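Got your viewer open and a selection box ready? Let's walk through this one stop by stop, picking something to select each time and saying what is there.

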Amino acid sequence: MVDERKAAILRITDVTLDAARELLRRKGFVELLPVIIAPVTDPLRHTTSRATIRAYDQEWYLTTSMIFHKQAAVQVLDKIFCLSPNVRLEPASWGRSGRHLFEFVQLDLEVRDATRDDMLALGEHLLVRIVERIRDACSRELNTLGRDLTKLRAPFARVPYRDAEERYGKGFEERLSCEIEDPIWIVDFPAEVREFYDREDPSRPGVLLDMDLLYPEGYGEALSGGEREHEPGQIRDRIRRQGLDSAVYGSLLAVARPPSAGFGIGIERLVRFLGGLPHVREVRLFPRVPGEPTEM
Ligand code: ASN
């Protein structure tokens with residue numbers, strides 16, 4: 001028997017990727033092939049352990065995010081994106097969150113000489129365009145899923161992290177996401193809660209020029225990014241303040257990198273939001289859910 005629900009979700013995923021690629025190419029972006037194993041990968045402040053493999057007498061990480069490769073890539077091309085498979089070994093209990101897969105794909109992009117404001121505008125444009133395309137091209141699929149996907153109204157509101165925390169308390173993300181009707185930007189994360197590569201505002205020490213986007217209706221985090229640290233002295237200082245080993249990230253310090261900004265948007269979470277799905281597992285034919293064994 002044909003699984004209409006599954007087929008509808010896969011078609012929505014396909015149109016989502018097509019809409020994203022179409023918009024980014026029109027804006028001059030070039031798509032890169034993903035890096036899946038590397039000697040250095042995103043240290044991720046709050047997640048998990050990273051998966052490694054041993055090959056050719058060397059330890060390799062499975063990519064947690066392509067951040068460092070994106071930063072290197074903008075030395076060659078000024079606007080790049082990639083559909084990047086990421087592996088993050090989250091705790092088994094997170095499998096029930098509805099938002100976590102330990103293998104997922106993010107649309108990861110980076111732009112040389114861009115600012116956070118440029119990225120806020122691009123993120124809005126991208127999401128508004130994708131929702132428009134899905135509403136136009138996938139009305140049958142949305143119907144199958146019983147999803148009433150409303151048009152998004154940009155620009156989205158911007159709330160500084162400290163204000164959101166004051167109003168909704170620690171771990172405000174879920175509560176805030178349940179309360180809003182349009183996506184909302186969280187900006188200005190404190191340096192200690194984020195990775196060292198997001199740029200510290202030179203005029204506000206301890207505050208980063210970065211952002212997250214939250215989906216409405218309780219779907220949680222959509223996108224994460226910011227301007228990047230690019231001066232070796234500042235990168236070294238941020239690595240030290242986070243208690244990381246600068247030798248591990250030596251390749252970052254050795255290469256002069258151009259100023260850049262970018263973000264990554266998780267595809268499974270995006271399709272979950274578009275389709276109004278209870279769990280991201282439904283977006284993949286072969287989902288990797290933390291804590292769930294699988295045979296295929
Ligand atoms: N892709 C994110 C960024 O561009 C990084 C991440 O996934 N942790 O900032």
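## Stop one: a proline in a loop

Start with Pro155, which sits in the loop between helix H4 (139-145) and E7. Before you zoom in, keep in mind that this is a predicted model. Now show the backbone from Ala154 to Pro155: the peptide bond there is cis, with omega near 0°.

## Stop two: the eight-strand sheet

Follow the chain on into strand E7 (157-160), which is one edge of an open sheet. Eight strands make up that sheet, in the order E1-E5-E6-E11-E10-E9-E8-E7, and the pairing is mixed. At the edges stand E7 and strand E1 (30-32); each has a single partner strand, so one side of each has no neighbour in the sheet. Look along the sheet and you'll find that the twist averages 25° from one strand to the next.

Let's go in from the E1 edge. E1 pairs with E5 in the parallel sense, over three bridges. To see one pair, select Val30 and its bridge partner in E5, Ile80.

Is E5 mostly covered or mostly open? Colour strand E5 (79-87) by accessibility and you'll have the answer: mostly covered, with seven of its nine residues buried.

On to the next strand in the order. E5 and E6 are joined by nine bridges and pair in the antiparallel sense. Pick Phe81 here, and then Leu109, which is its bridge partner in E6.

Further along, select residues 220-227 for strand E10 and 260-266 for strand E11. These two run antiparallel, with five bridges between them. For a pair to click on, try Gly225, whose bridge partner in E11 is Phe263.

## Stop three: helices on the sheet

Now bring the helices back into view. H1 lies across E1, E5 and strand E6 (103-112), and its direction is at about 150° to E5. Helix H5 (residues 161-168) packs on the sheet too, where it touches E7 and strand E8 (184-187). Compare directions and you get about 80° between H5 and E7.

## Stop four: H1 against H3

Hide the strands and keep residues 4-26 for helix H1 and 116-137 for helix H3. The two pack at an angle of about 135°, and their axes are 9 Å apart. That angle makes H1 oblique to H3. The crossing itself is right-handed.

Show side chains at the contact. On the H1 side, the residues to pick include Ile12, Val15, Thr16, Leu23 and Arg26; on the H3 side, they include Leu122, His125, Arg129, Ile130 and Ile134. Sorted by class, this contact of H1 with H3 has 11 nonpolar, two polar and five charged residues.

## Stop five: a leucine in H9

Next, select Leu270, in helix H9 (residues 267-275). What does Leu270 touch, leaving out residues up to four places away in sequence? Its contacts are Thr16, Leu127, Ile130, Tyr215 and Ile265. With a relative accessible area of 1%, Leu270 is buried. Then draw a C-alpha to C-alpha distance to Ala247: it comes to 36 Å, with the two positions 23 residues apart in sequence numbering.

## Stop six: the three-strand sheet

There's another open sheet to visit, made of three strands in the order E2-E4-E3, with antiparallel pairing. E2 and E3 are at its edges; each has a single partner strand, so one side of each is left without a neighbour in the sheet. Select E3 together with strand E4 (residues 58-62): four bridges join them. Click Ile53 and then Trp60, its bridge partner in E4.

## Last stop: two positive phi values

Finish with a pair of loop residues. Leu44 is in the loop between strand E2 (37-38) and strand E3 (52-55). Although Leu44 is not a glycine, its phi is positive, at about 50°. Is Leu44 buried or exposed? Its relative accessibility is 10%, so it counts as buried.

Then jump to Asp113, in the loop between E6 and H3. Here phi is near 60°, again a positive value in a residue other than glycine. Asp113 has 55% relative accessibility, so it counts as exposed.

Notes
Residues are numbered from 1 along each chain as its sequence is written. This is a predicted model: local features need pLDDT of at least 70, side-chain atom pairs count only at pLDDT 80 or more; totals for chains, interfaces and linings use all residues. Side-chain values use heavy atoms; hydrogens and water are left out. Axes are lines fitted to C-alpha atoms, for helices over the stretch in contact, and angles run from 0 to 180 degrees between N-to-C directions. Angles under 35 degrees count as roughly parallel, over 145 as roughly antiparallel, 65 to 115 as roughly perpendicular and the rest as oblique. A crossing is left-handed if the near helix is turned anticlockwise from the far one by less than a right angle, and right-handed if clockwise. Contact means heavy atoms within 4.5 Å. Ala, Val, Leu, Ile, Met, Phe, Trp, Tyr, Cys and Pro count as nonpolar, Asp, Glu, Lys and Arg as charged, and the others, Gly among them, as polar. Two strands pair if DSSP finds at least two bridges between them. Buried means under 20% relative accessible area, exposed over 50%, partly exposed in between (1.4 Å probe, protein chains only).
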